[in-house]
Amino acid sequence: MKRHATLVALLLALTTSVLADERYVLQYDAPATDNLLVKSKGRSKGLGYIQTALPLGNGRLGAMFSGGIDTEHLLINDITLWMNAKRGMDEVSQSGTRRVTQEDFETVRKTYREGKYGTKPDSMESMSTKYLSSTEPLGNYAPFSDVLISTGHDPASIRDYRRSLDSRTGLGSVSYSIGKGTFSREFFCSHPHDVVVARFTAENATLDLTVTASTKHKMAQVAAAKNRITLSGKAEMVQNDVEFVQIVQIDAEDANVAHHPDGTITISGAHDVCIYLAGYCDYLPEYPNFNGRDYRGDCETAISQATQLGYDSLKKSHVDDVSALVNRCSLELDFDTSGLTTDKLVAAGGSLELENLYFHYARYLQLSCSRTAPVPSNLQGLWNADLKPAWNCDYHTDINVQMNYWMVDPANLSESFRPFVEWTKVLAQSGQHTARETFGIHKGWSAGLNGNVFGFTAQNVHGRRNQQAGHWLAQNLFDHYAFTQDREYLEEIYPILKGAAEFFVEYLAPWKDGTLVVYPTWSPENSYLVNQHGKLNKQAYGASWDQQLVLNLFTDCIEASTLLQRDETFRKTLQEIIPRLCPQKIGQHGQLQEWPEDWDNPKDTHRHISHLIALHPGRDISPLTTKELHEAALVTMRHRGDESTGWSTGWKTCFWSRLHNGDRAHNIYKFLTSKRAYPNLFDFHPPFQIDGNFGGAAGVCEMLMQSHLRSVNADVETIERAAFVAYKNSPNEPKNFAPVVPNESLANAPYIVHLLPALPTAWPNGRVRGLRSRGGFEVDMQWKDGKLSSAKIRTNKGGVFRLYADNKLSGNITLEKGQTYSWPDQLQR
């Protein structure tokens, strides 16, 4: 293999270090806390490896590095590696669905109509569990392997330690000195070549290393031969174990390399050691087998290509790949760098420096854990060390997996959305069986609260978690089209949207007042009438979040079918159903009701605020267009308070941004970055959940630009009169707001691009480059003394928008492909 000499390599590393911008770099003066392989009973408390090590990833393959002085610990993950579930069953069984007769389903619904609250045997909770909930195993996301590189260095003897991760390049590094010797390491996870790569170098010294590979899975073997360690094994399933393999290959130039019977490799007298790692499992996203990848062949191919290319070539292609995507969008707040390490920045209680870094790090994490894999990022993104992770490290569809994708389009990482699409295709296929077998509905598809990589769409085993999820998943799908304006993509997802809507057309049922509601359901994950029926009283009917999302789904389907010129009859069916949906209501405390009954408790500070989905991530409540609903949402937000779990804090940042209260949004974002962040900036739920990282970054985008409103009247100059409004006050019920039927003209209505809708006073000066708006536009902005000073809006497709800036609404602005509009009033070629 051809490589530059050690001195040249060190100079290159030094150059990279000098060029690294501290505003984008996580940096530390000590190694991570490595407790992963320490045997203990139960989950360890306090800060450990997951909270302090630094992450790498290419969307499928992931790693974390500890920077340990005596031992470098690499945690390896494959996002498709699961255990404790089933695969390879017949199509119906693979969905996990409970086979329910129509009589039994009606028995369950009867308990809801009769108001059988609580948890007694005849309650909504108990009857849902008895008749509807699946008993099939969901399983859990599983760790892949641990690779240890022992150096023999004494931590007490080192000086000038530095560990870092550059969010613009995806390069991790470690350096320190011992005596006259300088030791350096560099790490990355290549998307172009699908390998993890590490390089250990020494100047004025030599390296004596021992490399070992292991896995927590019981069924595994490890063997070493020449300069290669091969780890193979199985992740135990209830049915059809998942097989995997990992190859670690070492290039130590002229050093002495020896392999040993215990599967280890030792290197002595080295100045430059490169370690290449590839790993795959047999998973394929093909329902219902989910098996068949040539994982051994793929592993051999990846390692062979990587070693032939060599370190420098792999690094260049990796940096070019990552930086091209990361550099599309940047935020520059006005601050002086402190020189503090990242953990000390967090401990200091928040700063503009930390807020700026957190946003860029979230974009790096997004790119690292969601790209071209067949499944989306999970509760921990990609990085998991436990055989029994919290909440299975699964896909929660009552906000978490959706929140993981809120920031991809506005933060200009649209490619990261593809795994969500591929996964939802599988759910739609599997969910047809759940819709039919559990609910007796023969059109469309259904999905419940928890998902895995094997097409599980059944209702959760707990009755209080009976819910629908297709409408919220579909919201993410259509919103991606709103940003990209990709007609081929719309063609691709339309059957999924239509299937979700078809299910609800049949699933909706009349309630006491004759309006149509979703039930069985709940309002995630909240309870009501607790004093009367206990804290597990959660199952309900017509919860506001369901009703809002059904309207959102039906509206999106009407628009999509109009644009694609198909399904006119179905479109009219949806238009006829919309006026019959249960209205949104303002309750006795002035709040937006969480349920159709006025059960809200003003002292309730529950982390979920699902009944404000129409505010965010929906588009149907706005201080500019729906004054009464806006005021009711404000009351709800004040009731719930500011401090909460990590992901909830991220959502509240988005809520307050949509309410145009930049200072409140910023205070919550500051709390998120300083009090809900671990030393490595992973979101502190607790424990670690990555959705808070992505929700917070989405909130930053919402503070700076919003584009969810549509102009349906080009001839008026006020946004209140121009924008489409989805809820209108009911003439006979002043506190009720009925859904509005959209007509086909909405499909071609331009989006309103609102600049600096919630700029906080703490960010008086700054600029942002490369934000994306709905309608297919890209926006650069600069502001000074809290006011917009300049903006540029461009498009690669062409389109029409209206601009709302400085409290003024423009007329329609038409841009052809390649044109740029410069605010306040210049059109540039």
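In which sense do β2 and strand β3 pair, and over how many bridges? They run antiparallel, and four bridges hold the pairing. Keep in mind that this is a predicted model. Here's a quick tour of two open sheets, a helix that lies across one of them, and a buried aspartate, D409.

**The seven-strand sheet**

- This open sheet follows the order β2-β3-β4-β7-β12-β17-β16, with antiparallel pairing.
- The edges belong to β2 (54-57) and β16 (256-259); each has a single partner strand, so one side of each has no neighbour in the sheet.
- From one strand to the next, the twist averages 20°.
- Zooming in on the β2 edge, its partner β3 covers residues 61-65, and P55 sits opposite M64 in β3.

**The nine-strand sheet**

- Here the strands of an open sheet line up as β1-β8-β9-β10-β11-β18-β15-β14-β13, again with antiparallel pairing.
- This time β1 and β13 (219-225) are at the edges, and because each has a single partner strand, one side of each is left without a neighbour in the sheet.
- Ignoring direction, neighbouring strands in this sheet are turned by 10° against each other on average.
- Helix α7 (residues 311-326) lies across β9 (171-178), β10 (181-190), β11 (195-203) and β18 (272-281), and runs at about 55° to β10.

**A closer look at edge strand β1**

- β1 (residues 25-28) is joined to β8 (residues 159-166) by four bridges, with the two strands running antiparallel.
- Within that pairing, Y28 has R163 of β8 as its bridge partner.
- In a regular strand, side chains alternate between the two faces of the sheet.
- In β1, V25 and Q27 point one way while L26 and Y28 point the other way, and all of them are buried.

**D409, a buried acid**

- D409 sits in the loop between α10 (400-403) and α11 (418-439).
- Which side chain of opposite charge is nearest to D409? That's R772, but at 6.2 Å away, and the buried D409 has no salt bridge.
- What D409 does have is polar contacts: its side chain makes one with the side chain of S414 at 2.6 Å, and another, of 2.9 Å, joins it to the side chain of H480.
- Setting aside neighbours within four places in sequence, D409 is in contact with S414, H480, F483, T484 and R772.

Key: Residues are numbered from 1 along each chain as its sequence is written. This is a predicted model: local features need pLDDT of at least 70, side-chain atom pairs count only at pLDDT 80 or more; totals for chains, interfaces and linings use all residues. Side-chain values use heavy atoms; hydrogens and water are left out. Two strands pair if DSSP finds at least two bridges between them. Axes are lines fitted to C-alpha atoms, for helices over the stretch in contact, and angles run from 0 to 180 degrees between N-to-C directions. Buried means under 20% relative accessible area, exposed over 50%, partly exposed in between (1.4 Å probe, protein chains only). Lys and Arg count as positive and Asp and Glu as negative; His and the chain ends are not counted. A salt bridge is a side-chain nitrogen of Lys or Arg within 4 Å of a carboxyl oxygen of Asp or Glu. A polar contact is a pair of N or O atoms within 3.5 Å; within protein, one must be able to donate a hydrogen and the other to accept it, and residues adjacent in sequence count only if both atoms are side-chain atoms. Contact means heavy atoms within 4.5 Å.
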